[in-house]
Amino acid sequence: SGASAVLMQRLIAIATAVSRAGTWFGGALVVLAAVIVAVDVVLRAAFSVTIGGSDELSGYALAVASAFAFALALIDRAHVRIDTLYTLLPVRVAAAFDLLAMAAMVSLASFLAMQGWRVFALSWSLGARALTQLNTPLSVPQALWFAGLAWFALVSILLMLRALVLLVQGDAQGVRQLLGTKTAAEELADERTAQQAIRGAGGAA
């Protein structure tokens, strides 16, 4: 129905906004880790001292950033796919393959989330800490890592449900636009949008 379609679109819009915020958060962690590593390198070279734990923090940052980026890459269709034959398929056949690929993605994302929860729960129950100078409680970075993986699983399920609704409605083209690889025109439009955003940011500065 029209109401369900509007609801699904709103949920996807919310998921996109949350995923983008999570990706910015993960990116900020990576930048912060890079700054800490750079400072540590300078201190070692100039004063033969170290703040310690820079490699550990960078590992946590990379894991958390990657987990949150998975969902946005899925929504934006930014993941790598081999589409040599895919682009030659009829729309309905391509949509069927898209649904099959999405079902595999849901399975993978759910498995990763479950494994992430097991790792976090074990560290939490044992009060495990890193065997480093920082002696970090492992449950803290693992909680953020698990949150990213769980969100990835939820987003993949949401997209799968939306695709199934479109398929029931007979909208194979909609399924392809939601899950399929981007066309050259779409990629060009994305690049133009990004360039305009950069120019706008430069003009505002």
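**Figure 1. Gly180 in the loop between α5 and α6.** In this predicted model, Gly180 is found in the loop that joins α5 to α6, the latter helix covering residues 184-204. Although Gly180 belongs to a loop, Gly180 is buried, with a relative accessible area of 1%. Leaving aside neighbours within four places in sequence, the contacts of Gly180 are with Arg77, Arg81, Tyr86, Asp98 and Val175. For a sense of distance along the chain and through space, Gly180 and Arg92 are 88 residues apart in sequence, while their C-alpha atoms are separated by 12 Å.

**Figure 2. Arg77 in the loop between α2 and α3.** Arg77, one of the contacts of Gly180, is found in the loop between α2 and α3. The backbone of Arg77 has a positive phi of about 55°, although Arg77 is not a glycine. At 14% relative accessibility Arg77 counts as buried, because the cut-off for that class is under 20% relative accessible area. Arg77 is also among the residues touched by Leu179, when residues up to four places away in sequence are not counted.

**Figure 3. Helix α5 and its surroundings.** Helix α5 is largely enclosed by the rest of the structure, because 6 of its 8 residues are buried. The buried residues of α5 are Ala172, Gly174, Val175, Arg176, Leu178 and Leu179. Leu179 touches Arg77, Arg81, Asp98, Leu99, Met102, Leu159 and Ala163, again without counting residues up to four places away in sequence. Arg77, Arg81 and Asp98 appear in this list and are also in contact with Gly180.

**Figure 4. The largest nonpolar core.** This core holds 24 residues, of which Met102, Leu159, Val175, Leu178 and Leu179 touch the most other members. The elements that give two or more residues to the core are α1 (2-47), α2 (54-75), α3 (91-126), α4 (139-168) and α5 (172-179). Which of the elements gives the most to this core? It is α4, with 8 residues. In soluble globular proteins, nonpolar side chains tend to be buried together.

**Figure 5. Ala95 in helix α3.** Ala95 is found in helix α3 and, at 1% relative accessibility, counts as buried. With neighbours within four places in sequence left aside, Ala95 is in contact with Ala172 and Val175, both of which are buried residues of α5. The C-alpha atoms of Ala95 and Gln177 are separated by 9.0 Å, although these residues are 82 positions apart along the chain.

**Figure 6. Ser139 and Asn135, in helix α4 and the loop between α3 and α4.** Ser139 lies in helix α4 and is buried, with a relative accessible area of 11%. Not counting residues up to four places away in sequence, Ser139 touches Phe120, Ser123 and Trp124. Asn135 is found in the loop between α3 and α4, and Asn135 is partly exposed, with a relative accessible area of 36%. Phi of Asn135 is near 50°, a positive value in a residue other than glycine.

**Figure 7. Ser54 in helix α2.** Ser54 is found in helix α2, where at 8% relative accessibility Ser54 counts as buried. Its contacts, leaving aside neighbours within four places in sequence, are Ile36, Val37 and Asp40. The C-alpha atoms of Ser54 and Ala96, 42 residues apart along the chain, are separated by 46 Å.

**Figure 8. The whole chain as context for the close-ups.** The protein chain has 6 helices and 0 strands, and its pattern along the sequence reads α-α-α-α-α-α. The C-alpha trace spans about 65 × 50 × 35 Å along its principal axes, and the radius of gyration is 21 Å, where a compact globule of 205 residues would have a value near 17 Å. Buried residues make up 31% of the 205 residues, and among contacts with a separation of 6 or more, 75% are made by residues 24 or more positions apart. The accessible surface comes to about 12300 Å², of which 71% belongs to carbon and sulfur atoms. There are 13 positive and 11 negative side chains, and the centres of the two sets lie 6 Å apart.

Technical notes
Residues numbered from 1 in each chain as written. Predicted model: local features only at pLDDT ≥ 70, side-chain atom pairs only at ≥ 80, totals over all residues. Heavy atoms only, no water. Helix = DSSP H or I, 4+ residues; strand = E, 2+ residues; numbered from the N terminus. Rg over C-alpha atoms; globule rule 2.2 N^0.38 Å. Buried < 20%, exposed > 50% of the residue type's maximum accessible area, 1.4 Å probe, protein only. Contact = heavy atoms within 4.5 Å. Areas by Shrake-Rupley, 256 points an atom, 1.4 Å probe, with all protein chains shown as cover. Lys, Arg positive; Asp, Glu negative; His and termini not counted. Charge placed at Lys NZ, Arg CZ, Asp CG, Glu CD. Core = buried A, V, L, I, M, F, W, Y, C linked by side-chain atoms within 4.5 Å.
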